[in-house]
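This briefing is meant to be read beside the sequence and the coordinates. Please keep both in view while going through the points below.

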Amino acid sequence: MVLPLFVRSGKGERRPISSMPGHYQYSVDQLSKVAREAEAAGLPAVILFGIPDKKDAKASGAYASAGIVQAATREIKDAAPDLLVVTDLCFCEYMDHGHCGVLKGQAIDNDATLALAAKTAASQANAGADIIAPSGMMDGQVAAIRSALDAGGFGGTPILAYAAKYASAFYGPFREAAESPPKFGDRSSYQMDPANAREALREVALDVEEGADMVMVKPALAYLDVLAAVKARFGLPTAAYSVSGEFAMIKAASENGWIDERKAALESLVSIKRAGADFILTYYALEAARWLSE
Ligand code: PBG
């Protein structure tokens, strides 16, 4: 299980995310504690999402050497050297318009975004990231990142591709957590149509061809068929992202006394595993690790 963490600027900050009880936007100085907790709970990795101070039209904060994710990566590698740091690589949090790529008019300029992805990957690897995880669903991003990493002396740094990522309503709470909702329109020109299963296999095949070392299906619960098909077809290390909405639904129902949280969370996780996930990104990572070790 991999624990997602949200990082913001400031000092001594631990701002609760209202739609995800138990999760916070941490300032960098608060990360060492949670990183050590993750390590002590036996988690192998965390994945970082940054909330920059300033957003602009070229996502400058994503590839700044003193960027929020870069600083967070250094802090965590220092505090818990054996904990792997996965860096989410996307621009929605860094763009003033909240879309995952460069805009030309109202449309995404896929290819102009690739240069930014390449820069960001090199910058994250330089900061010490162990695994780069592009989530923007731009075509060609895995190839662009692979060559930037290789050219920068990071030939050994693997890519976890968010290969089959659907345009999902289950990302709702995340957009509050990461302050990243699009200012207009939606993400359906680059994320996938929930009704389409075959396209997922084509998307994964492209990412594998471009050099993805691990592939991800996202969300998890509503896409277990896709997950099983991806694992069967490609046989690569396969991740599933049990997204913010999946967490929030169980949390909210349990806080109302309508569902047994522990049983429902573990049943969800085991079903994702059963469908073929080798590892799961989940907001229940810490709690589930504790439940499983009791
Ligand atoms: C960035 C990104 C998103 C999530 C992970 N990376 C949001 C989105 O695509 O809108 C969602 C994660 C979650 O809901 O937990 N593109």
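What follows takes up the chain as a whole, then its cysteines, and then a few individual positions. The model is a predicted one, and every value given here was computed from it.

**Overall fold and dimensions**

- The secondary structure of the chain comprises 11 helices and 12 strands, and its radius of gyration of 18 Å is close to the 19 Å that the globule rule gives for 294 residues, so the chain is as compact as a globular protein of that length.
- Measured out along the principal axes, the C-alpha trace extends over about 50 × 45 × 40 Å.
- Of the 294 residues in the chain, 56% are buried, and among contacts between residues at least 6 apart in sequence, 74% join residues that are at least 24 apart.

**Surface and charge**

- About 11,900 Å² of the chain is exposed, and carbon and sulfur atoms supply 53% of that area.
- The chain carries 29 positive and 36 negative charges, and the mean positions of these two sets lie 2 Å apart.

**Cysteines**

- The count of disulfides comes to 0, where a pair of sulfur atoms would have to lie within 2.5 Å to qualify.
- C90 is in no disulfide, the nearest cysteine sulfur being that of C100 at 3.5 Å; with a relative accessibility of 3%, C90 counts as buried.
- C92 is likewise in no disulfide, and its nearest cysteine sulfur, that of C90, is 3.9 Å away; C92 is buried as well, with a relative accessible area of 6%.

**Backbone geometry**

- As background to the next three points, most residues other than glycine have a negative phi, and most peptide bonds are trans.
- The peptide bond from K218 to P219 is cis, with omega near -10°, and P219 is placed in the loop between β10 (214-218) and α8 (224-234).
- A59, a residue other than glycine, has a positive phi near 55°; A59 sits in the loop between β4 (45-51) and α2 (60-63), and at 0% relative accessibility it counts as buried.
- M137 also has a positive phi, of about 60°, although it is not a glycine; M137 belongs to the loop between β8 (131-134) and α5, and it is buried, with a relative accessible area of 6%.

**Loop positions and their contacts**

- Q191 is found in the loop between α6 (172-177) and α7 (198-210), and this residue is buried, with a relative accessible area of 5%.
- Apart from neighbours within four places in sequence, Q191 is in contact with M137, K165, Y166, A167, S168, Y171 and R175, and M137 in that list is the residue with the positive phi described above.
- T157 lies in the loop between α5 (141-151) and β9 (160-165), and its relative accessibility of 10% makes it count as buried.
- Residues up to four places away in sequence left aside, T157 touches A129, D130, I132, R146 and L149.

**A strand position**

- L84 has its place in strand β5 (residues 84-89) and is partly exposed, with a relative accessible area of 34%.
- Not counting residues up to four places away in sequence, L84 touches P44, A45, V46, K77, D130 and I131, and D130 is also among the residues that T157 touches.
- The C-alpha atoms of L84 and G12, which are 72 residues apart along the chain, are separated by 24 Å.

Technical notes: Residues are numbered from 1 along each chain as its sequence is written. This is a predicted model: local features need pLDDT of at least 70, side-chain atom pairs count only at pLDDT 80 or more; totals for chains, interfaces and linings use all residues. Side-chain values use heavy atoms; hydrogens and water are left out. Helices (H or I, at least four residues) and strands (E, at least two) are DSSP runs, numbered from the N terminus. The radius of gyration is taken over C-alpha atoms; the globule rule is 2.2 Å times the number of residues to the power 0.38. Buried means under 20% relative accessible area, exposed over 50%, partly exposed in between (1.4 Å probe, protein chains only). Contact means heavy atoms within 4.5 Å. Accessible areas come from the Shrake-Rupley method with a 1.4 Å probe; for residues, only the protein chains shown count as cover. Lys and Arg count as positive and Asp and Glu as negative; His and the chain ends are not counted. The place of a charge is taken as NZ of Lys, CZ of Arg, CG of Asp or CD of Glu.
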